[in-house]
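The following exercises are to be worked with the sequence and the structure in view. Each task is followed by a solution in steps.

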Amino acid sequence: MATLTPASESPSGEGTINVPRSDCLSVDDPKCFDTPLNFFFINFCNIRGLRSNFQSVEHHLSSSKPHLLFLTETQVSEATDSSPFSVPSYFLYPHFRSKAGCCVYVRNDLTCSCAHTLESSHFSTIWLRLQTHSHSKFICAVYLSPNSSDYKKFFDYLTSKVEHILTLFPFAEISILGDFSVHHQLWLSSPFTDHPGELAYNFAILHDLEQLVQHPTRIPDRLGDTPNILDLFLTSNPSAYAVTLSTPLGSSDHNLISLSCPITPIPPQDPPKRSFSHPPQLLTLYKGLIRPCMEYDFTCLGGVPLMLLF
């Protein structure tokens, strides 16, 4: 295993390492994903305000030490300096929005990259890429407000990014997590099914993604509220992950979700066969989504420099 080095420190306490640019991506660098443990740990939750719950976040990171902690509904304005939210031994990558937003804390012995050009200025998303031996992992964190009217545009956006990734990385593992604020009676055991829930379900079917969170994630805090699975983990590799729920961080009304997966070499395999024998509305959604190749802007976060060829 490669020797790990901490991220360089900027005046704000955020470690950054720039990645060389070229014309194409390389997926063969075995140093892209190094950790001294045999398991990789991802935590995520709707924090319902990072500023008011930062002490709880800091305590969780220092005591549990997950490799990645994704937080949604950070409720921090775009212009806010992120340095007050820095935590020792972690690099903070924010995508703040005043009434939405998300961020990720990356442990500084982990090397990964932010796929900036996969993100959208219209939605609260963060995309990370990790490399395990010959296997690429793409992880996207999302936050959708229950008051949003852009669900169709959002899932069109996600579909275009997933299909684009798979044209470049046919073997890539894709996981999408966060607070989707959708309801589906059969899929999520919700008390009812709404249109956003149907869109989310169709999106998962279209891309062969399995939803692994099986218990309610939002804790009712008002009379008449019911527990719901609002925080989802959609993945193309469901057999690799174990999911557990813990108590909320701080004053959040959403449980903390913990994911673990073993770190092992991935043997060569055929690209997944993706079936599109779905209802007509799904085929309509799929048409025209393979878009011309666009340039990626990857920024390495922490750990050993990630060697990519562009």
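**Exercise 1. The chain as a whole**

Task: State what share of the 310 residues of the protein chain counts as buried, and describe the chain in outline.

Solution. In this predicted model, 52% of the 310 residues of the protein chain count as buried. The next step is the secondary structure: the chain has four helices and 13 strands. Turning to the surface, its accessible area comes to about 13,800 Å², and carbon and sulfur atoms account for 56% of that area. The last step concerns contacts between residues at least 6 apart in sequence: 71% of these join residues at least 24 apart.

**Exercise 2. The packing of two helices**

Task: Determine how helices H2 and H3 are oriented to each other, and which residues meet where they pack.

Solution. Two packed helices are described by the angle between their axes and the distance between those axes. Helix H2 covers residues 151-168 and helix H3 covers residues 195-206; the angle between them is about 10° and their axes are 10 Å apart. Angles under 35 degrees count as roughly parallel, and H2 and H3 are therefore roughly parallel to each other.

The residues that meet can now be listed. From H2 come Tyr151, Lys152, Phe155, Leu158, Thr159 and Val162, and from H3 come Pro196, Leu199, Ala200, Phe203 and Leu206. Sorted by character, the residues of this contact comprise nine nonpolar, one polar and one charged.

A further residue may be located in relation to Pro196. Serine 149 is found in the loop between strand S7 (135-143) and H2. Its C-alpha lies 9.3 Å from that of proline 196, although 47 residues separate the two in sequence. With a relative accessible area of 70%, serine 149 exceeds the 50% cut-off and is therefore exposed.

**Exercise 3. Asparagine 46 and arginine 48**

Task: Establish whether asparagine 46 is buried or exposed, and what its side chain reaches.

Solution. Asparagine 46 is found in strand S1, which spans residues 39-46. Its relative accessible area is 0%; buried means under 20%, so asparagine 46 is buried. Leaving out residues up to four places away in sequence, asparagine 46 touches Thr72, Glu73, Tyr143, Asp179, Asp231, Ser252 and His254.

The side chain of asparagine 46 also reaches the backbone nitrogen of arginine 48, at 2.9 Å. Arginine 48 is found in the loop between S1 and helix H1 (50-64). Its relative accessibility is 30%, which lies between the 20% and 50% cut-offs, so arginine 48 counts as partly exposed. The phi angle of arginine 48 is near 50°, a positive value in a residue other than glycine.

**Exercise 4. A second positive phi angle**

Task: Locate serine 181 and state what its phi angle is near.

Solution. Serine 181 is placed in the loop between strand S8 (173-179) and H3. Its phi is near 55°, a positive value in a residue other than glycine. Serine 181 has a relative accessible area of 8% and is buried.

**Exercise 5. Tyrosine 93 in its strand**

Task: Identify the side chain with which the side chain of tyrosine 93 makes a polar contact.

Solution. Tyrosine 93 is found in strand S3, residues 90-95. Its relative accessible area is 12%, and tyrosine 93 is buried. The side chain of tyrosine 93 makes a polar contact, at 2.9 Å, with the side chain of glutamate 119. Isoleucine 126 is 33 residues from tyrosine 93 in sequence, and the two C-alpha atoms are 8.6 Å apart.

**Exercise 6. Two threonines**

Task: Describe the surroundings of threonine 235 and of threonine 217.

Solution. Threonine 235 is found in strand S10 (residues 231-235). It is buried, with a relative accessible area of 0%. Beyond its neighbours within four places in sequence, its contacts are Glu173, Ile174, Ser175, Asp208, Leu209, Glu210, Leu212 and Tyr241. For aspartate 208, which is 27 residues away along the chain, the C-alpha separation from threonine 235 is 8.1 Å. A polar atom of the side chain of threonine 235 lies 3.1 Å from the backbone nitrogen of asparagine 237.

Threonine 217 is found in the loop between strand S9 (210-211) and S10. Threonine 217 is buried, with a relative accessible area of 0%. Leaving aside neighbours within four places in sequence, its contacts include Asn228, Leu230, Asp231, His254 and Ile257.

Conventions:
Residues numbered from 1 in each chain as written. Predicted model: local features only at pLDDT ≥ 70, side-chain atom pairs only at ≥ 80, totals over all residues. Heavy atoms only, no water. Axes fitted to C-alpha atoms, helices over the stretch in contact; angles between N-to-C directions. Parallel < 35°, antiparallel > 145°, perpendicular 65-115°, else oblique. Contact = heavy atoms within 4.5 Å. Nonpolar A, V, L, I, M, F, W, Y, C, P; charged D, E, K, R; others polar. Buried < 20%, exposed > 50% of the residue type's maximum accessible area, 1.4 Å probe, protein only. Polar contact = N/O pair within 3.5 Å; in protein donor to acceptor, adjacent residues only side chain to side chain. Areas by Shrake-Rupley, 256 points an atom, 1.4 Å probe, with all protein chains shown as cover.
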